[in-house]
Structures are given as structure tokens and as C-alpha cells.
There are 2 protein chains.
Amino acid sequence: MGKQKRPPRLNDVAARAGVSTATVSRFFNNPEMVAPATAERIREAVAATSYIPNLVAGGLASNRTKLVAALVPEIAQSIFNDTIQAMIDELSDDGYTVMLGLTGYGDDRMLKLIDAAIGRRSDAIILTGLLTNPDVRNRLRAQPVTVIETWGLPPDPIDIAVGFSHRAVGEAIAQYVHRRGFKRPFLLTVEGTRAQMRHAGFIEAWRKAGHGKPTEERIPVPMHFSQGRDAFRRSRSLAKRPDVIVCGSDLLAQAVIIEAQAAGCRVPDELAVIGFGNVELSAEMRPSITTVSIDGARIGRMAVSVLRRRAAGEALESHNFDVGFTLIPRESA
Amino acid sequence: MGKQKRPPRLNDVAARAGVSTATVSRFFNNPEMVAPATAERIREAVAATSYIPNLVAGGLASNRTKLVAALVPEIAQSIFNDTIQAMIDELSDDGYTVMLGLTGYGDDRMLKLIDAAIGRRSDAIILTGLLTNPDVRNRLRAQPVTVIETWGLPPDPIDIAVGFSHRAVGEAIAQYVHRRGFKRPFLLTVEGTRAQMRHAGFIEAWRKAGHGKPTEERIPVPMHFSQGRDAFRRSRSLAKRPDVIVCGSDLLAQAVIIEAQAAGCRVPDELAVIGFGNVELSAEMRPSITTVSIDGARIGRMAVSVLRRRAAGEALESHNFDVGFTLIPRESA
DNA sequence: CTGAAAGCGCTTACAG
DNA sequence: CTGAAAGCGCTTACAG
């Protein structure tokens with residue numbers, strides 16, 4: 001590799017087809033503009049030369065790159081995977097290329113990736129994680145690029161947001177726990193702004209339902225299975241032994257259940273468990289896990305549909321799109 | 001967004017710093033070539049204008065895009081995630097942008113993505129899934145791009161391969177099963193060329209150890225948890241009730257174990273289980289799962305290191321890099 | 001429906 | 001260490 005003869009250019013195709021480069025360019029980008037007979041000659045020339053358009057040159061000339069940057073914290077068992085998958089599926093169908101950037105959970109990586117996305121003149125930047133840094137938010141606002149924040153509904157969106165209210169999720173869980181008659185919830189809250197919002201929603205609704213302050217614990221990110229296991233063990237030595245553990249993620253809920261079962265503690269009879277995220281395994285576990293489902297694929301599709309409307313020059317009636325969520329009662333609580 | 005004043009160009013920075021565009025270009029790409037005082041003036045001009053280099057124009061002019069295309073089948077609980085993560089981490093440090101393409105398990109998506117990767121003049125294409133189509137393999141060979149196939153060691157690599165022998169994995173599992181004294185293995189083989197190679201390796205080594213043909217079942221991709229559960233149930237009504245189920249993936253192993261436990265069948269006492277992949281959960285399950293570990297992160301890092309050597313113009317002593325694998329005995333078998 | 005030509009924003013020999 | 005200028009491979013008004 002690396003030492004082949006130079007790849008064919010538009011030039012070569014045009015010469016072979018006996019037309020100008022402009023016509024070949026139109027053949028690729030506005031096929032309806034070229035006469036059928038001409039198109040046929042070009043098609044042959046393309047095949048004969050194995051020509052693949054240079055999108056770098058094309059992007060520079062046209063000022064449209066058909067490149068979308070998707071910036072996500074991580075992909076290993078990420079809750080965002082359905083969104084990413086759906087987004088990439090849809091965008092690929094539209095001829096877009098997706099540049100996936102992994103931001104981790106700090107700001108600096110995110111900054112470098114945003115610069116890379118802008119530097120490559122992406123048509124759009126889609127974020128799944130939360131971008132808190134106000135300078136960067138403003139910097140993005142100053143850029144001629146569509147920015148879509150997903151999985152949340154920030155009060156001051158950079159541009160467009162597609163997500164749901166994390167506070168409402170917390171409230172819904174608290175109401176469910178209350179309705180089911182549990183008295184001593186133990187909250188396993190994951191670090192991070194959004195998890196905190198769910199937590200705050202829970203606390204508020206729980207109080208409103210007439211209860212006192214629940215016991216709780218903070219889990220650092222990235223989460224690990226062992227943290228759920230350890231949390232279960234600690235929960236057994238709490239003064240107020242919990243009757244339900246409200247987990248910040250399905251992974252933690254799985255860990256709690258597996259550890260409980262290994263310890264001979266019956267779920268949900270002796271201890272109920274609630275998760276968040278509705279990963280595939282949660283429906284399959286024994287017992288199956290009561291959790292909150294977010295339609296991640298829908299978020300992805302909606303983000304792309306907004307993008308399409310933007311690309312078509314359409315004005316948007318709103319910049320905040322709420323996809324909602326569903327609490328799914330199952331066996332574990 | 002989309003209606004801001006035009007972004008600053010190299011031009012604007014150069015004017016402001018009182019130098020030529022060539023010097024500003026060097027400031028970014030060969031900083032050691034510009035005098036400290038000049039560099040300082042440029043630094044200020046860049047800050048003042050919030051200039052972000054246009055990598056599209058740069059790529060066209062320099063014929064180096066610093067773009068790497070990583071083509072993977074999927075990301076939802078993919079066995080390749082560690083490789084992808086490590087690769088992106090390393091490449092980001094080198095200033096590369098990674099375009100992640102999701103190929104699915106068919107050929108046409110892969111073809112489109114390869115064209116996109118070539119069209120954008122990627123410096124390299126990294127594949128984790130298997131590309132079988134010989135036409136496409138040859139087409140890639142004809143392209144001035146570094147191609148790295150990972151997670152396998154094809155007999156006819158397109159360019160460079162970093163992986164391990166799937167056949168050897170199958171053999172190692174068969175030898176382990178034999179050594180542990182199991183007599184009636186039940187193979188849950190996943191569809192796909194590589195899984196078939198592991199399967200073939202098992203069969204051969206199992207025969208060599210003096211055994212007959214094991215019972216088996218084929219699991220279609222994409223895998224689902226329920227397939228493992230169903231397989232367990234069917235295994236209980238087999239004439240030759242298996243003493244160990246050899247699963248094509250840890251996910252299937254988890255499903256078998258969870259279903260076995262729910263059915264009151266003790267693992268490993270009544271039924272042993274072996275997985276493949278060593279996902280995080282496998283060490284954490286009760287019982288923990290005996291499985292084969294592939295150092296996916298190492299594959300990613302090695303792919304990048306090969307890429308670096310290629311980029312540095314170094315000649316490679318070999319085009320096949322074997323990272324091996326490790327069978328990890330745990331509680332389940 | 002098609003072509004000649006300018007231009008997209010950089011990089012890089014070449015000369016000094 | 002720096003600059004003038006050609007060129008990277010396309011797209012797209014403009015004219016016909």
C-alpha cells in the first residue's frame with residue numbers, strides 16, 4: 001500500500017467521457033441536470049477508471065462536508081449506544097459520514113474534539129454527554145454549525161436539544177416507590193449533573209409524599225459492577241435496613257440483585273430493586289428489573305430529523321424536543 | 001446558528017500578525033521552524049481572531065488528512081469496544097480524528113463506508129469485523145491507504161493484520177474441557193466465519209483427545225440473551241444431557257447461567273458453562289464465568305503503533321501481528 | 001444541457 | 001527564519 005500510482009481525478013473521468021469536469025461533477029451531485037446519454041458515458045468512464053470522488057476537495061469547494069460529528073463520553077456499555085446507532089443508521093442513509101469522538105468525562109478531551117469537528121467543517125455536532133463549560137458553549141454558539149444536545153433538556157441550549165427531563169424521571173420513581181408502599185428507600189446515585197437532577201427530583205417528590213430523607217450513597221463514574229455489589233453489602237448493615245434500593249443504572253441494579261441472591265436475600269420479597277436505563281439484560285434477569293426506559297433510538301432519529309429540516313432551510317418552531325420516558329414495572333420492585 | 005459572519009481564515013491571522021500565510025501555516029504544522037518572537041505574535045493573532053484551522057483545505061493542500069476510519073459491525077455491547085476505545089484514545093493523542101463507521105453484518109454497508117473512507121482520503125482504514133468479499137479486498141489493495149484488519153489473522157491480509165488465531169482458541173477450549181474431565185459438551189456456536197473457525201478448532205482438538213462428536217446448536221447474529229436461555233432449556237431435554245455448555249459468547253454464558261439458576265440447576269455442579277470474550281460482568285457473576293479473554297485494548301494499541309511506524313515511513317518486518325489470548329478458569333467450569 | 005474559468009483555504013518547494 | 005506563488009481536486013455562478 002501507499003505506493004500505488006496516483007488515484008484518478010475528476011479530470012481523468014471527464015477526458016475519458018469527452019465532457020468537461022463540470023459535467024462530471026454534476027453527474028455526481030445533481031444527476032437530474034445531465035442528459036441521459038451523457039450520464040451513460042460518464043458512468044462508463046467512472047467504472048473504467050474506478051474513480052472515487054475526493055470529498056476533501058469537494059468539501060472545500062462547496063463548503064458542505066456532509067460530515068456530522070457525534071461526541072459521546074464512551075461506548076463501552078454506554079447508555080447512549082442506541083442513540084448513536086440510530087443516528088448513524090439514519091445519517092448514513094442520507095450520505096453523511098459520522099465522525100464519532102470519545103470525550104471521556106472531562107472537559108479537555110471534549111474541547112479538542114470540538115475543535116476537530118469545527119476544523120473539519122462538520123455540518124453538525126451532536127452531543128450525548130453534558131457540556132457544562134460556559135465558555136465552550138458560547139464558542140460553539142459563535143460557530144456556523146448546527147449543534148444538537150441530546151439526552152437532556154438544558155435551560156440554555158446551545159442550539160437544539162432533544163431529550164427528556166431528568167428531574168421528572170426522579171419524581172416518577174419516587175411516586176412509584178411511594179405507591180408500591182415502600183418505606184425505606186436506599187438511593188445509589190451516580191455522579192454527574194444529570195444523575196443529580198434525577199436525584200433531586202426523587203428527593204422532592206418523596207418529601208412531597210410525606211416521607212423523610214432517604215438514606216443514600218454516591219457512586220463515582222465510570223461505574224463498575226463491584227460498586228453495586230459493595231453497596232448491597234453495606235446496605236445490609238445500615239441501621240435502617242432498606243426495603244428498596246433505587247439504583248442510578250441498570251448495571252448497578254444487576255449487581256445488587258446478583259449479590260443479594262448470592263447472599264440468600266430474596267428479591268423482591270426481602271429487598272426490591274429499581275434500575276435506570278432499561279438495558280437488554282434488565283428484562284431478561286431473574287427477577288426481571290423494574291426500571292426507567294428511555295427510547296434512545298428515538299432520540300437519535302429525532303436529532304437527525306431536526307438536522308434534515310435545518311439542512312433544508314426550514315425554520316424550527318422550537319429548539320427543545322422532549323421525547324419523554326417510561327417507567328417499566330417488572331418483577332424486581 | 002448557520003448565519004454568523006464568515007469564520008476567520010489563515011489570511012486574517014497572517015494580516016493581524018504581520019506575517020505571510022506561509023509562516024502562520026508553519027506555526028501550526030512545523031512550530032520549530034518559526035522564530036519565538038514571530039510565534040508569539042501569531043499566537044496572539046490566533047487568540048484574537050479565535051481562528052480554527054480549516055482541516056479540509058489543509059488536507060487537500062497537504063494530501064494528509066490525519067483521518068482514520070474505523071469500521072466496526074456495531075457498538076451495542078460489542079466485543080470490539082475495548083479495541084475501539086484504545087484506538088481512539090491513542091489516535092486522538094496523535095492528533096488524528098477517527099471516523100467510526102457502523103457496518104452491520106452485511107456487505108453493502110461496508111462497501112459504502114469504505115468508499116466514504118477513501119473519498120475522504122483517510123490515512124488509514126481499520127477493520128474489526130471480517131471483510132470477506134474478495135473484490136472489495138482487492139479494491140482496497142489498489143488504494144493508497146493503510147488497511148489494518150484486527151481480531152483475526154487472515155491468510156491473505158489486505159495489508160496488515162493484528163489479531164489472534166480463532167482456531168487456536170477453539171482448540172484451547174476443547175483441551176480445557178477434556179482436562180477438566182467433562183464428557184458431554186454442548187456447543188452453542190454463533191454464526192459467522194470466525195466463530196466457525198473456533199468451532200472447527202474445538203471439534204478437531206476434541207476428536208484428537210479421543211472423544212466423539214459433541215452435540216451442538218447454531219445461534220444467529222445478532223445474539224440475544226433469550227437465545228441463551230432457550231438453549232439451556234433445550235439442553236435439558238437432550239438425550240445426552242450435557243455436563244458443560246460451551247458458549248460462543250459471554251452473553252450467552254450469562255443467559256445460560258441465569259436460566260439454569262432460575263430452574264434450580266446448580267452451576268457448575270450440575271452443569272458447567274464456558275463463555276468467550278471475558279466481558280466485565282463475567283468476572284462478577286455468581287458463579288464467575290470461565291471464559292477466553294482477548295486483550296482488545298492491546299489490539300487497538302498495536303494497530304495504532306503499526307500505523308505510526310507506517311506513517312514514519314518505516315518498513316514492517318511482518319504484516320501479521322498475533323496478540324494471542326488467555327483462557328481464564330473461574331467458577332463456572 | 002454543457003463548458004470555461006474563478007475560487008474554496010490551505011501547504012510547500014523554491015528562493016532569499 | 002520568512003515570503004511570493006503555484007497548486008491540491010473539486011464546485012458553481014455565468015454565459016451560451
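Which phosphate oxygen partner does the side chain of B:T23 have, and how many Å away is it? Keep that in mind; the notes below get to it.

1. Before you start: this is a predicted model, so every distance here is computed from predicted atoms.

2. Let's settle the opening question. An N or O atom in the side chain of B:T23 sits 2.6 Å from a phosphate oxygen of DNA strand D. Chain A reaches the phosphates of this strand as well: the side chain of A:Y51 puts an N or O atom 2.8 Å from a phosphate oxygen of DNA strand D, and for the side chain of A:R64 the distance is 2.7 Å. As for elements, α2 and α4 of chain A and α2 and α4 of chain B each give two or more residues to the surface near DNA strand D.

3. Now the wider surroundings of that strand. DNA strand D has 25 residues around it, and the closest are A:S25, A:N29, B:T23, B:R26 and B:T38. Of the strand's atoms within 4 Å of the protein, 72% are sugar or phosphate, and bases make up the rest. Sorted by class, the residues of this surface are twelve nonpolar, eight polar and five charged.

4. On to DNA strand C. Here too 25 residues are around the strand, with A:T23, A:R26, A:T38, B:S25 and B:N29 coming nearest. Sugar and phosphate make up 72% of the atoms of DNA strand C that come within 4 Å of the protein.

5. Have a look at some individual contacts on DNA strand C. A polar side-chain atom of B:S25 is 2.3 Å from a phosphate oxygen, while A:S20 uses a backbone N or O atom, 2.9 Å from a phosphate oxygen. A base gets a partner too: a polar backbone atom of B:A57 lies 3.3 Å from a base nitrogen of the strand. Two or more residues of the surface near DNA strand C come from each of α2 (21-29) and α4 (55-62) of chain A, and from each of α2 (21-29) and α4 (55-62) of chain B.

6. Don't skip the protein–protein contact. Chain A and chain B each put 62 residues into it. About 5,600 Å² is buried between them, with carbon and sulfur atoms giving 57% of that area.

7. Finally, the polar side of that contact. There are six salt bridges between the chains, including one where the side chains of A:D89 and B:R109 meet at 2.8 Å, N to O. On the side of chain B that touches chain A, you'll find 29 nonpolar, 15 polar and 18 charged residues.

Definitions and conventions
Residues are numbered from 1 along each chain as its sequence is written. Chains are lettered from A and ligands numbered from 1 in the order in which they are written. This is a predicted model: local features need pLDDT of at least 70, side-chain atom pairs count only at pLDDT 80 or more; totals for chains, interfaces and linings use all residues. Side-chain values use heavy atoms; hydrogens and water are left out. A residue is near a molecule or strand if one of its heavy atoms lies within 4 Å of it. A polar contact is a pair of N or O atoms within 3.5 Å; within protein, one must be able to donate a hydrogen and the other to accept it, and residues adjacent in sequence count only if both atoms are side-chain atoms. Helices (H or I, at least four residues) and strands (E, at least two) are DSSP runs, numbered from the N terminus. Contact means heavy atoms within 4.5 Å. Buried area is the accessible area (1.4 Å probe) that two parts lose on being put together, summed over both. A salt bridge is a side-chain nitrogen of Lys or Arg within 4 Å of a carboxyl oxygen of Asp or Glu. Ala, Val, Leu, Ile, Met, Phe, Trp, Tyr, Cys and Pro count as nonpolar, Asp, Glu, Lys and Arg as charged, and the others, Gly among them, as polar.
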